[in-house]
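Work through the exercises below with the sequence and the coordinates at hand, and try each task before reading its solution.

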Amino acid sequence: QFKPEPPFSPSAEFAGTVKAVGEGVAGFAPGDRVAGYVGWGAAREVVAAPADRIVKLPADLALEKAAGLIVTYGTTIHALIDRAGLKPGETLAVLGAAGGTGVAAIEIGKALGARVIACASSLDKLDFARQHGADATIDYERHDLKDALRAATGGHGPEVIYDPVGGGLADKALRAIRYGGRYLVIGFASGEIPQIALNRVLLKGCDIRGVFWGADLDRDPARHRAHFAQLFDWAASGRIAAPVDRVMPLERCREALHVLARREAKGKILLQP
């Protein structure tokens, strides 16, 4: 059994009902349905959150759906709009496409009008990616990622690569990027931070762009609240599915983390008090 207590309370996002508001807080009242982000410490029954870190939910959006939108979809809408400037008709390659951020990239990429190539490590995961809108898929356990990306794009490579995996896939993906493309560094789910050969960047005339969503949230909370409102509207209308792999009791938090560490989740894992 695991009781999440400071400093180890890993969840950063939450959805629920406002119990009370602090002095001077405007725009929220007890009973409001909200979702938000606190950086860490949300794996508990009651959370205290700054007012600029929460957003009201549409009446027809379930709490379970909203709870899985903040970090992965917030990171991804920031990555694809603010950092990549993804345009309709461009090709977006998504690594780790069956994970939470990967599915978010597929769904938001499609909502923004891109052609999406989902890249993952098994046929089962790729089938899941297709169910969420991927136009093409690549199994990088069976095929060389560089060659497969080039083949899937007529030899030109994708304009944007979304990489939450890192490790040995990074160099292969970068070799395949279209000239002048944008490579998004999202994270390192593989556990390995790749060392990038800068001659690749020179030869491709491409950009490598870091995506540090948490820091950007602090710098421009109003822009991110607008992003959240867009995401909630998309989710309420069914334009994005925001899949939930499973909902687990709060006391099974440790077990939920192990599922994530083994990369077994397809979509989000939620904790419920």
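Contact, as used in these exercises, means heavy atoms within 4.5 Å. This is a predicted model, in which local features need pLDDT of at least 70 and side-chain atom pairs count only at pLDDT 80 or more, while totals for chains, interfaces and linings use all residues. Residues are numbered from 1 along each chain as its sequence is written, and side-chain values use heavy atoms, with hydrogens and water left out.

**Exercise 1.** Determine which residues Gly-210 touches, leaving out those up to four places away in sequence.

*Solution.* Begin by placing the residue: Gly-210 is found in strand β9 (residues 207–210), where helices (H or I, at least four residues) and strands (E, at least two) are DSSP runs numbered from the N terminus. Applying the contact criterion then gives Arg-83 and Val-185 as the residues that Gly-210 touches. The C-alpha atoms of Gly-210 and Arg-83 are separated by 7.9 Å, although these positions lie 127 residues apart along the chain. Finally, Gly-210 has a relative accessible area of 42% and is therefore partly exposed, given that buried means under 20%, exposed over 50% and partly exposed in between (1.4 Å probe, protein chains only).

**Exercise 2.** Find how many residues of helix α2 (residues 70–83) are buried, and describe how α2 packs against α9.

*Solution.* Counting by accessible area, 10 of the 14 residues of α2 are buried, so this helix is largely enclosed by the rest of the structure; among them are Ile-70, Tyr-73, Gly-74, Ile-77 and His-78. Next, the axes of α2 and α9 are 10 Å apart and the helices pack at an angle of about 110°, the axes being lines fitted to C-alpha atoms over the stretch in contact, with angles from 0 to 180 degrees between N-to-C directions. The two helices α2 and α9 are therefore roughly perpendicular, since angles under 35 degrees count as roughly parallel, over 145 as roughly antiparallel, 65 to 115 as roughly perpendicular and the rest as oblique. The residues making the contact include Ile-77 and Ile-81 of α2 and Phe-228 and Leu-231 of α9. Sorted by class, the contact of α2 with α9 has 8 nonpolar, 5 polar and 2 charged residues, where Ala, Val, Leu, Ile, Met, Phe, Trp, Tyr, Cys and Pro count as nonpolar, Asp, Glu, Lys and Arg as charged, and the others, Gly among them, as polar.

**Exercise 3.** Identify the aromatic pairs in the whole structure and state their geometry.

*Solution.* Rings of Phe, Tyr and Trp (its six-membered ring) pair if their centres lie within 6.5 Å, and planes under 30 degrees apart count as stacked, over 60 as edge-to-face and the rest as tilted. A search on this basis finds 2 aromatic pairs. For Tyr-37 and Trp-213 the ring centres are 4.6 Å apart and the planes stand at 70°, so the pair is edge-to-face. Because Tyr-37 lies in strand β2 (residues 33–37) and Trp-213 in helix α8 (residues 213–219), this pair ties together parts that are 176 residues apart in sequence. For Trp-213 and Phe-228 the centres are 6.3 Å apart and the planes at 65°, so this pair is also edge-to-face. Here Trp-213 in α8 is joined to Phe-228 in helix α9 (residues 221–237), so the pair ties together parts that are 15 residues apart in sequence. Taken together, ring pairs link Tyr-37, Trp-213 and Phe-228 into a cluster.
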